[in-house]
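Biologist: Let's go through this model together. I'll ask, you answer.
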Amino acid sequence: MAAMDLSDVCAAAGREPGELTRRDLARALLAVPATEALDAVPRLRRDLLAAGNPQTRPFWDETEELIRAIKQRTTTVGAVRRWLEATGTEPTQPVAGGFVWPDEHERGPVAEEYHARLVAHLEDLVAAGRIDPDRLLAGDQEALTNFEQVQVTWLYTPDENGREPIWAVTDEEDDALLAAWDDVDTDARELLAELLNDVGPRPCPEDALHAATATLRIQVREDSWRGELLRSWVGDLGALPRDDRTLWTELASYAVTGGHLDPTEGPLTDDDHVAWMTLDHAAWIAAVATLAQLGPGAAADADALGRYAVTFEIADDPDVVWLDDPLEEDGDDLELSWSVGFGVVTGFWRLLGAVDENECLTELGWWGLPEALDRTWRPRGDGG
């Protein structure tokens, strides 16, 4: 294999030798094994001098020292990152205010475009002398503060289309995350449907449903702990559905989504909320599918639900998308965590009539809890 030379750096950066920046050099050196990079430094230094694009001695000295440390495995990722940013054209990670650029291999088209624009902006500032890479390399606090501030200013300055880069990139990330969750919801909903097909018909107990929803419509307006708890989940009382099935399954779905619950207010403690948030798609499928299989009268207390969730065989299908491995934790720890989380849920389920005073599954819960999960994981915009 040919040793790395200036032509390789130019090809990677898409620039002529006289146009190469420190960032171009740094990225090229980091892209090859440290031994090869260390051997290439003297050659690059000589060829760039001949091309009329010499870099300063502090840059080359620091570069050799860092690559040697990489080779000896005596440096850190943070040190490498600081060296790269000290080129003056590598955006800071994170920048003031907590904004973090997505990793290069995870950037969408919008993030890719704006990151490239920011790099070009920083290159202009270096060329104009407003950013001094050698001062950044020396750790000059004034220079570092200025370097970060010019990035913050750029991120909040609208472009030619009136978009502030920070929000354009953040919105793209949010959309990508929602799309990923949509995939998870779709897989979870399909898997639940397959499991319920094996259970067979679960008729809706109409009398129990009408009685439960009639009680709920009264209790949600009462000045009592039941009313307070319901209101903390329900939100706008004027928006309650008129149809009993819709009302019940919507309320039951709030046990998964949180509904209008504000974690900083209401009946839940911080520990309650954290435990409840550990309940992922796999936990919900396992617990509710087990209840559906066992039928009315099955134990539905928090400990039982945690046990169901841990011991249930979730389909190991490579086509099923999970954001997290549902069983990546130790089984005992996971069962305890999920049991505490389901402890929050069962109190709400009792108010809905899904479980009785003995914390056993009712006919209404047998029919309704799977329906509530199905409702929860429908595509956004499908409110049917």
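Biologist: How do the residues of the lining of the largest cavity divide into nonpolar, polar and charged?
Modeller: They divide into 7 nonpolar, no polar and 1 charged. Ala, Val, Leu, Ile, Met, Phe, Trp, Tyr, Cys and Pro count as nonpolar, Asp, Glu, Lys and Arg as charged, and the others, Gly among them, as polar. This is a predicted model: local features need pLDDT of at least 70, side-chain atom pairs pLDDT 80 or more, while totals for chains, interfaces and linings use all residues. Residues are numbered from 1 along each chain, and side-chain values use heavy atoms, without hydrogens or water.

Biologist: Which residues line the largest cavity?
Modeller: Leu216, Arg217, Val220, Leu230, Val234, Leu240, Leu247 and Leu251. Two or more of the lining residues come from each of α10 (206-219), α11 (225-234) and α12 (244-257); helices are DSSP runs of H or I, at least four residues, numbered from the N terminus.

Biologist: Switching to α14, where is it and how many residues has it?
Modeller: α14 spans residues 281-294 and has 14 residues.

Biologist: Is α14 largely enclosed or open?
Modeller: Largely enclosed by the rest of the structure, because 12 of its 14 residues are buried (under 20% relative accessible area, 1.4 Å probe, protein chains only). Trp284, Ile285 and Leu291 are among them.

Biologist: And what comes just after α14?
Modeller: Gly295, with a positive phi of about 85 degrees.

Methods. Expected span 1.5 Å × (residues − 1). Buried < 20%, exposed > 50% of the residue type's maximum accessible area, 1.4 Å probe, protein only. 1 Å grid on protein atoms, 1.4 Å probe; cavity = no way out; pocket = protein on both sides within 12 Å on 5 of 7 lines; lining within 4 Å.
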